[in-house]
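Subject: Structure handover and findings

Hello,

Here is the structure you asked to look through. Please open it first, then read the notes below beside it.

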Amino acid sequence: MTLCGLVKQPVQRQARQLRRQAFSCTAFRQTTAQIRQPGAKVFAPLLENRPAFRITKPISVIREPQQFYKQLLCGIRQARQRICLSSLYVGSEETELVSELDQALQRNPNLHLSVLLDCLRGTRTDAQGMSSATLLVPLVAKYGAERVQIYMYHTPALSGLSKQAWPQRYNEAFGLQHIKAYIFDDKTIVSGANLSRDYFTNRQDRYMQIDSRQFTNYFAGLVHTIGQFSFHMRAGDRVASYRLEMPDEMADPTQEPRVFVREANERMALFLEKAEIEHAMAASNVGVSDTLVIPTVQMRQLGITQDEAHMSEFFHLIHKFAQSHECRSLMASAYFNFSDQYKRSILDSASRWDVLVASPQANGFYTAKGISQFIPNMYSIIEHEFLHAVKAQGREDISVQEYVRPGWTFHGKGVWCYLNQQRPQLTMIGSPNYGYRSIYRDLEAQVTIISGCSQLQDDLHREALSLLSHSKAADQKELRQRARNSPLWLYGLKPFIMKKM
């Protein structure tokens, strides 16, 4: 159907046809805007009780892992005052990355480096006995703790005898530091990618660079606040040896978890309250062409539920808008393990939805050993159940797309919202996978970008199209076969896996 033909149809018939179209690259290209309403007006309630930043410089949308790695190296080489890296872990093979950090510190005596990692994942050793900790501790030994700060966050959910009983890798199911942000002076790369080789080569994620001193100060402040209740790395007596010390004023999460939670909550609540006051933005001060960035965090184990409330408000706003306007939304996650409230919000929403997830072959656990090798089967079972619910509710305007790219895995996550069917006025990017553990177990942060800038909207649209170009619609018959080929005991472990993975 031509665009002219679409425009000439009666409005009611056009609306019915639009609702029946599933999200796909073709659908994205063929639809056209019949309603123009600024995203800033629709999403104004998201500004309430949250820090917001007006971004005046272009936001760079990075497409490929190789570009992401090049941008990281460029940021390290150009930094003069601060480098601040927040990740789940640094791959033990990333000697080039650490060498670049070493050279940068050597060139610039005023440069300070801060790294926030998860303690359990960051101290997990490989076959050679190497870990993120052993890789980074030489920088602490060489430049001292005044210039190099390595923070290792430890969940309070694993303490006492439980900590001793659970082995490496499996203990990570209790909770992790999952925030991904990479800061170089006044620029921040927000992503869902970790710092390891596959994320720099063939593991597809999302990445955006935001050039704003105030916004970057917020994220650097977030990292250092978490650092206040994390273990600090100190160099040991032997090469690559280290010890972890909790600040004197903080309780140890492995020994006094309840006291730790109270003290960590106080520090985070103070940081967030201060940020909300200093960076409050009234909707009346927002222009149609402005680009706004709203950072949110989720740390339910510490009593912080900011992002959870933010997502709930977002789902409410697009449902309300879609009741009287056409609205299309795309949600991506590395794993089809959405929380019950997010699945229900999609099923009940008046908006059209497409969900993009990894196919079994593009799942990071596809080549895993032991029980982990069955995790892609578990996601296929969940996917099949969701599509069954979609069919039961008669929602022909909800579809699931699976990322399929030979030799690649998929780790992308986020939201694109098309209020007028033409270009996205809102996107979300960050660390959450929108699953149970993103809400209840891990430390997460994401950024909501509301933009009236046509160039950024075009870039976001092209990003979505690029990801969808490597996808195919999930087939219920195929999913049913995958479910049948799964071992029966997997169904018994389903509740555990849904809450741990």
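Is aspartate 348 buried, partly exposed or exposed? With a relative accessibility of 42%, aspartate 348 counts as partly exposed. Please keep in mind that this is a predicted model.

Salt bridges

Side chains of opposite charge can pair when their charged atoms come close. Aspartate 348 is one example: it forms a salt bridge with arginine 344, with the closest N and O atoms 2.9 Å apart. Both residues belong to helix 13 (residues 340-348), where they are 4 residues apart, or about one helical turn. Arginine 344 is partly exposed as well, at a relative accessible area of 38%.

A second salt bridge, between aspartate 458 and arginine 423, has an N to O distance of 2.9 Å. This pair links distant parts of the chain, 35 residues apart: aspartate 458 is in helix 16 (residues 454-468), and arginine 423 is in the loop between strand 17 (414-418) and strand 18 (426-430). Aspartate 458 has a relative accessible area of 25% and is partly exposed. Arginine 423 is also partly exposed, at 27%.

There is also a network: salt bridges with shared partners join Arg82, Asp186 and Arg213.

How many salt bridges are there? The count comes to 23. Among them is the one between the side chains of glutamate 245 and arginine 234, at 3.8 Å from N to O. Glutamate 245 lies in strand 11 (residues 242-245) and arginine 234 in strand 10 (residues 231-235), so this salt bridge ties together parts that are 11 residues apart in sequence. Glutamate 245 is partly exposed at 33% relative accessibility, and arginine 234 is partly exposed at 25%.

Strand 3 and its neighbours

Arg82, named in the network above, is also part of strand 3 (residues 82-86), a strand that is mostly covered, with 5 of its 5 residues buried. Which way do the residues of strand 3 point? Arg82, Cys84 and Ser86 point one way, while Ile83 and Leu85 point the other way.

Strands of a sheet pair through backbone hydrogen bonds, either parallel or antiparallel. Strand 3 shows both kinds of pairing. Strand 3 and strand 4 (residues 112-118) run parallel and are joined by 5 bridges. Within this pairing, leucine 85 has valine 115 of strand 4 as its bridge partner. To get from strand 3 to strand 4, the chain passes through helix 6 (residues 95-107), and this β-α-β crossover is right-handed. Strand 6 (residues 181-184) runs antiparallel to strand 3, and 4 bridges join the two. Here isoleucine 83 stands opposite phenylalanine 184 of strand 6.

An open sheet

Another part to look at is an open sheet of 9 strands, in the order 1-12-19-18-17-13-14-15-20, with mixed pairing. Strand 1 (53-54) and strand 20 (471-473) are at the edges with a single partner strand each, so one side of each has no neighbour in the sheet. Inside the order, strand 18 and strand 19 (residues 444-451) pair in the antiparallel sense over 5 bridges. Glycine 430 has glutamine 446 in strand 19 as its bridge partner.

Aromatic rings

A pair of aromatic rings is described by the distance of the centres and the angle of the planes. How many aromatic pairs does a search of the whole structure find? The search finds 24. In one of them, the rings of phenylalanine 68 and phenylalanine 200 have centres 5.9 Å apart and planes at 50°, so the pair is tilted. The two rings come from distant parts of the chain, 132 residues apart: phenylalanine 68 is in helix 5 (residues 65-78), and phenylalanine 200 is in the loop between strand 7 (187-191) and strand 8 (203-204). Phenylalanine 68 and phenylalanine 200 are both buried.

Tyrosine 218 and phenylalanine 271 form another tilted pair, at 5.3 Å centre to centre and 40° between the planes. Tyrosine 218 is in helix 10 (residues 213-228) and phenylalanine 271 in helix 11 (residues 257-278), so the pair ties together parts 53 residues apart in sequence. Tyrosine 218 and phenylalanine 271 are both buried.

Ring pairs also link a cluster whose members include Phe43, Phe314, Trp353 and Tyr434.

Charges over rings

Two arginines are worth finding on screen. Arginine 121 lies over the face of tyrosine 89, 3.8 Å from the ring centre. Arginine 405 has its charged end over the ring of tryptophan 408, at 3.6 Å from the centre.

Regards

Notes:
Residues numbered from 1 in each chain as written. Predicted model: local features only at pLDDT ≥ 70, side-chain atom pairs only at ≥ 80, totals over all residues. Heavy atoms only, no water. Salt bridge = Lys/Arg side-chain N within 4 Å of Asp/Glu carboxyl O. Buried < 20%, exposed > 50% of the residue type's maximum accessible area, 1.4 Å probe, protein only. Pairing = 2+ DSSP bridges. Right-handed = clockwise from strand over helix to strand, strands pointing away. Phe/Tyr/Trp six-rings, centres within 6.5 Å; stacked < 30°, edge-to-face > 60°. Lys NZ or Arg CZ within 6 Å of the ring centre and 35° of its normal.
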